[in-house]
Amino acid sequence: MRYLPHTEEDIAQMLRVVGVDTLEDLFAPIPPDCRRPSLSLPEAKSEWELNAHMDGLAAKTTPAGACKNFLGAGSYEHFIPAVVPYLLGRGEFVTSYTPYQPEISQGTLQGIYEYQTLTARLLGMEVANASMYDGASAFAEALLMACRITRKNRVALSRAIHPHYRRVVQTYFAPSGYALETFSFLKDGTSDPEGFPKETDLAAVAVQSPNFFGCIEDLWRFSEKAHAAGALFVTVFTEPLAWGLLKNPGSQGADIACGEGQSLGIPQSFGGPGLGMFATKMAHVRHMPGRLVGKTTDLDGKRGFVLTLATREQHIRREKATSNICTNNSLCALCAAMYMASLGKSGFKALARINVDKSMYLKRRLAQKGLTPAFQGSTFNEFTVKAGPEFAKKRKHLLKKGIIAGLPLAPYYPELADHYLFCATETKTRKDLDTLVSEVTS
Amino acid sequence: MKPIEELTFPEDLLYAKDHEWARFEDENVVIGISDYAQDQLGDVVYVELPAVGTVLEKGEVFGTVESVKAVSELYMPVGGEVAAVNEALADAPEKVNQSPYEDGWMIAVKPGDASEKEGLMTRSAYLDMLKGLN
Amino acid sequence: MKETVGTTGLVFNEPLLWEKSKKGRMGYALPKADVPHAPLDAALVSEGPDFPELSEVDVVRHYTRLSQWNYGVDSGMYPLGSCTMKYNPKTNERQAALSGFAGAHPLLPEALCQGILELLFHLERYLAEITGMDAVSLQPAAGAQGELAGMLVIHAYHRNQGRQRLKILVPDTAHGTNPASAALCGYRSVPVPSGARGILTPDMVAPLMDEDTAGIMITNPNTLGLFEKNVKAIAALVHDRGGLVYCDGANMNALLGMVDMAATGVDVLHLNLHKTFSTPHGGGGPGSGPICVKKHLAPFLPVPRILKKGKTYRLSEAFPESIGKLHAFFGNTGVMIKAYSYILSMGPNGLKRASQLAVLNANYVRKRLKDCFHLPHDGLCMHECVFSDKHQLPHHVTTLDMAKRLMDYGFHPPTIYFPLVVSGALMIEPTETESKETLDRFIEALRAIAREARETPQTLKNAPGRCKVRRLDEVGAARRPCLTG
């Protein structure tokens, strides 16, 4: 096996040093009734056999490039500049551990400090952590954090938050005794600011923007009401590119902003690994989950970076930690920083605008052909249409042609039968959009 | 960490087994941690203290003190209502190391039950305890 | 000492991204605007984030220079105990990057994602076979989320039994994540002291295991690198009193093909694909922390689960007793693909060989260093061994000093000050992918450091001297946190 460097001679010499006769003898401390005689697994494949096998499996999955995919709903197809995977593939980044030994990990540490800074700027918040697993678990942790800060145990979530995110929150909350309630959305597809209870026992009010239906929320309306009720306001997102153009959560009163960062140069990879982004105010930093990198100096006064405020974390505070998270999605955070740095201030905003333009064009053209927008609210790169009952069949037919015409919403919202969520990013040309329009209406 | 002989333990204070000290003044009891405790902890980077007005019983946790890689809980040497907290520690936690009995004080408490004082140690009893630990 | 692996070389100073920024630069080719501009309502729009402006060359130099300040398994030996920093095969990266996988949307209709579902289905079966357990969920995104999933399963099991329990037993050698994960489920951790020989004994567990205790969390091999050989008797005792046995499988690299985890009495365990199954650690993640359970706990696994009917694979949510979802989609699929690639590359014999050599390497290091460093638990170890700084303390040299000095010799330090039951611990896990020659150089380096500790302790206090920076002011960083620039 090419990963195992030991020759028979090495093994013999080493066994002599250890003082046993065979490799088997090393396992003498294990009782015989715990042992395993053999493993029933496929025989080892050579590198070339493996390539052929994996190519075969990959070919039985239809990636974005091989079809015209108009799905978004928490995972977005964006162009990834070649520099990002190239730089991210450097072995010193990929094969290093968590930077517990800072002198030998300055690359990761400065890279994550820069990620924290760019994330804080993107979301308009004071501090961002070094990453969480994904948008959904970041959201669940944000709500637990709000309960800790306010010492209250009820949270109110808009129904226009990604249904999967709400289910992850349910899982995290199930054994905790914290209560979870939802409030409704209005006819225009945005959340109802009058919908959540105004009693003072709420720890948090949470709204997603752009929301699951693609609609942009007026976050101010919620933060004011949440704060008046003594609750924290949590903003969640699935499409961070939107903050290239929209007013960010911090400027609209968010106490915690969190969500999924996959759009920032990370491949969709069937949903993971993505990037849980998590930001808050400095006042709450000691209640925050996850790792933090801070700036400091070395013995010679030179600038350097270290993991800091680690006393919040599980390896020190154990059962009283702010979270049990240890391994996070660090390499994905570095990826996002590379992507944000490559686009820069003007590129990021311009790309956000292109996304709006493409999706608005598609929305308009579909409407002209009878697939009318279900909601009147402004949208970013996703929108919901109301189709006729015959559309389900049409959509199935288009799948065979390699066109995925939106996501049916009925499984998530029974009242939204015949509603479909469409997404169009910069990866779709006008021709792609026109083709979709003519196919769905032919 | 220093040998016990190099640490200071004022005579006018009473000590608890968790290394808090208590100074009984006219109305209030001022509370902090001993020179031994700050030396064991190393550089203090953060002190978390209760809000004024909080009522806590003897033995209850009133806060935490953190070094870079450890957190210790602080226990009430006597019960009572928190009358004041040392706000200066928020910006300068190093005062706990530099001056554990003066600038590094933590809270002042309006004591409830005067008899709780009896359970605390004098300087010499506390020193005996420390020598037993080492 | 002869020439060491570590030396000095030219690395570059590199400012922060925004210190390099110049207005008007961009490192990205904007897609052409081929549709009419459709402005949003001005009330919704802002200036946009204040990102630095850099050319592509700026970005490339920036990250290339940063990478040179880092140390990875690709650079050299990384003997971090409990972390299994083995070589990360490059073919794994190729497979995960295949466009069929990397470009797959998580909500693809089933007909369009049969390949990835087939892969994941088989990965679950392989992990079940390797552990001896019955059912697997790949969803947890890392070891700690696997622990949480396991605790949620135990919580759901007891709820289903009609009576919730309040406590969970956690040995004093446990990873810090264990009590933190248990706390998320509302369980209070009750510490169990390990015996004098570094392992758990049934008579330590028996008095603590009562009707209010949900079970026990065992790390096996434990964090001293010792196999918990009483695990079966302890499991029987816990089961007798209605509890369940959770196993932290972070140290599974010692046991592949050697131990049947199901036979040890475990009800649920998590694996770390980024440790045992060779996927890279990425400077802190992403990982993947599948959980494996016995049949009676399968109904509680997270959803969706993969089912096979005929030749078709599909995702199913139809498990009413499931603990629910832990991830927005299926988990860290990109990591799972790499682990699958590893298992197929190694085959059953290769995996077994990997564990045998991992244990051989650890014992070789143990044997060759025990005259220089205090070894609290002598005797055969598994995949890692734990020393302490007891012999160096008289010279006022600590574990930290020795760890820092090891960098100058060109090695990543071991895990230090863990497990907590050994004061000044140095926890060394060489892994199977280090050759005898590398181990010999590592051993020589540590022997040289032990000598320096006696003769020139100041060298160790000043270490490291060959890294990009010298020792950093962690106290200042924590007292006055500067977390953004």
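Me: What makes domain 1 and domain 2 of chain C count as parts in contact?
Reply: In this predicted model, 25 residues of domain 1 of chain C are in contact with 20 residues of domain 2 of chain C. Contact requires heavy atoms within 4.5 Å, so these residues meet that cut-off. The domain assignment of chain C places domain 1 at 91-345 and domain 2 at 350-461. The C-alpha centres of the two domains lie 30 Å apart.

Me: What area is buried between domain 1 and domain 2 of chain C, and which classes of residue lie on the side of domain 1?
Reply: About 1700 Å² is buried between domain 1 of chain C and domain 2 of chain C, and carbon and sulfur atoms give 65% of this area. On the side of domain 1 that touches domain 2 there are 14 nonpolar, nine polar and two charged residues.

Me: How many salt bridges and how many polar contacts does the boundary between the two domains of chain C hold?
Reply: The rule finds zero salt bridges between domain 1 and domain 2 of chain C. For residue pairs in polar contact, with both residues at pLDDT 80 or more, the count is six.

Me: Why is chain C called as compact as a globular protein of its length?
Reply: Chain C contains 13 helices and 12 strands. Its radius of gyration is 25 Å, and the globule rule gives 23 Å for 485 residues; the two values are close, so chain C is as compact as a globular protein of that length. Taken along the principal axes, the C-alpha atoms of chain C fill a box of roughly 75 × 65 × 45 Å.

Me: What describes the interface of chain C and chain A?
Reply: Here 197 residues of chain C are in contact with 184 residues of chain A. The two chains bury about 16900 Å² between them, with 64% of it on carbon and sulfur atoms.

Me: Why is the pair A:Arg303 and C:Glu19 called a salt bridge?
Reply: The side chains of A:Arg303 and C:Glu19 meet at 2.8 Å, N to O. The cut-off for a side-chain nitrogen of Lys or Arg and a carboxyl oxygen of Asp or Glu is within 4 Å, and the pair therefore qualifies. The count between chain C and chain A is 11 salt bridges. There are also 86 residue pairs in polar contact, both residues being at pLDDT 80 or more.

Me: Which helix gives the most to the side of chain C that touches chain A?
Reply: Helix H9 (residues 333-369) of chain C gives the most, with 30 residues. By class, that side of chain C has 106 nonpolar, 58 polar and 33 charged residues.

Me: What area is buried between chain A and chain B, and which three residues of chain A supply the most of its share?
Reply: About 610 Å² is buried between chain A and chain B, of which carbon and sulfur atoms give 47%. A:Arg286, A:Thr311 and A:Arg317 supply 65% of the area that chain A buries against chain B, more than any other three residues. Five residues of chain A are in contact with 10 residues of chain B.

Me: How do you know that A:Arg317 and B:Glu66 form a salt bridge?
Reply: Their side chains meet at 2.5 Å, N to O; the cut-off is within 4 Å, so the name applies. Across the interface of chain A and chain B the rule finds three salt bridges, together with four residue pairs in polar contact, both at pLDDT 80 or more. The side of chain A that touches chain B has one nonpolar, one polar and three charged residues.

Definitions and conventions. Residues numbered from 1 in each chain as written. Chains lettered and ligands numbered in written order. Predicted model: local features only at pLDDT ≥ 70, side-chain atom pairs only at ≥ 80, totals over all residues. Heavy atoms only, no water. Buried area = accessible area lost by both parts, 1.4 Å probe. Polar contact = N/O pair within 3.5 Å; in protein donor to acceptor, adjacent residues only side chain to side chain. Nonpolar A, V, L, I, M, F, W, Y, C, P; charged D, E, K, R; others polar. Helix = DSSP H or I, 4+ residues; strand = E, 2+ residues; numbered from the N terminus. Domains from an automatic or database assignment. Rg over C-alpha atoms; globule rule 2.2 N^0.38 Å.
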